[in-house]
Amino acid sequence: LDLMVEDETRVQWLGRGIRFVQGTNLLGPAATRLTQACAATGNITVEAWLLADHEAFSGPARIFSVSTDTTSRNFSLVQGRGDYGLRYRTDLTGGNGTSTTDGTLSMLTSGPNTVDATQPQHVVFTRDNGIMTSYINGTMAGSRMWPGSPTPAWDDTFRIMVGNESDGGANNRSWLGTIYLLAVWCRALDATEVSMNYAAGP
């Protein structure tokens, strides 16, 4: 899928990545094939090599999303106040994918103070048969059940967005920093595969 920068003056293209210097986003078309494939399996891996400009963002800031705005998504990799998180919508969560509708569970994060703004980090979230797991630099950071099915909750008209939501500028969801790699699989990488990807580097 081809992505377009909303404002080229707010990014720097690097030899092996893109740096978001000021709030803007990369916007793509509807992620129809990706959405349908990952909804069919119910499993996912979202992987990133990145370097955040700050250890804490409000919002939280959106690193990578398949969504339509700040409150409706299929999934989003986000950064909050010292941690990373994966919002993942199912038929047992709200449209934002932040918590279950019964209020018993909130989205899985990488844990407190796991963002390092001094060096690139390898950030991975997986979902395997309902179990969500987070990894930082090849090491498991957390795991919990995330119930429900993405079918029929996911919307295959939602677009790929990097660095912000489509309406995020007005709502302060901008992420600032450098992205070296983003990848999505419609299956869960296991711990060995995550460790190998970390060892390979960005």
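**Two sheets, a pocket and some odd bonds**

Q: Which strands form the open sheet of six, and in what order?
A: The order of that open sheet is 1-4-12-6-7-8, and the six strands pair in the antiparallel sense. Strands here are DSSP runs of E with at least two residues, helices are runs of H or I with at least four, and both are numbered from the N terminus. Two strands count as paired if DSSP finds at least two bridges between them.

Q: What kind of model is this, and how are residues numbered?
A: It's a predicted model, where local features need pLDDT of at least 70 and side-chain atom pairs count only at pLDDT 80 or more, while totals for chains, interfaces and linings use all residues. Residues are numbered from 1 along each chain as its sequence is written, and side-chain values use heavy atoms, with hydrogens and water left out.

Q: Back to that sheet of six. Which strands are at its edges?
A: Strand 1 (4-5) and strand 8 (84-88), each pairing on one side only. Strand 1 pairs with strand 4 over two bridges, antiparallel, and V5 has L26 in strand 4 as its bridge partner.

Q: And the open sheet of seven strands, what's its order?
A: That one runs 2-3-13-5-9-10-11, with antiparallel pairing.

Q: Why is one side of strand 2 and of strand 11 left without a neighbour?
A: Strand 2 (11-14) and strand 11 (139-145) are at the edges and each has a single partner strand, so one side of each has no neighbour in the sheet. Neighbouring strands in this sheet are turned by 20 degrees against each other on average, direction ignored.

Q: What packs on it?
A: Helix 3 (residues 191-200), which touches strand 5 (44-52), strand 9, strand 10 and strand 13; contact means heavy atoms within 4.5 Å. The direction of helix 3 makes about 160 degrees with that of strand 9. Axes are lines fitted to C-alpha atoms, for helices over the stretch in contact, and angles run from 0 to 180 degrees between N-to-C directions.

Q: What's at the two ends of helix 3?
A: At the start, a side-chain oxygen of D190 comes to within 3.1 Å of the backbone nitrogen of T192. After the helix comes G201, with a positive phi near 85 degrees.

Q: How do strands 9 and 10 pair?
A: Strand 9 (residues 121-128) and strand 10 (residues 131-136) are antiparallel over six bridges, and T126 stands opposite T133 in strand 10. In the loop between them is N129, which isn't a glycine but has a positive phi of about 50 degrees.

Q: What about strands 10 and 11?
A: Six bridges, antiparallel, with M132 opposite R144 in strand 11. They form a hairpin with two residues between the strands, and N137 in the turn has a positive phi of about 50 degrees.

Q: New topic: where are the cis peptide bonds to P60 and P152?
A: P60 lies in strand 6 (residues 56-69), and the bond from G59 to P60 is cis with omega near -5 degrees. P152 is in the loop between strand 11 and strand 12; the T151 to P152 bond is cis with omega near 10 degrees.

Q: What volume does the largest pocket have, and what lines it?
A: About 330 Å³. There are 20 lining residues, with L3, F64, I160, V162 and L182 nearest the centre. On a 1 Å grid over the protein atoms alone, a pocket is an open set of points where a 1.4 Å probe fits, with protein on both sides within 12 Å along at least five of seven lines; lining residues have an atom within 4 Å of a point. Grid points are joined across faces, edges and corners, and the volume is the space filled by probe spheres set on the points.

Q: Which element gives the largest share of that lining?
A: Strand 13, with six residues.

How values were computed: Polar contact = N/O pair within 3.5 Å; in protein donor to acceptor, adjacent residues only side chain to side chain.
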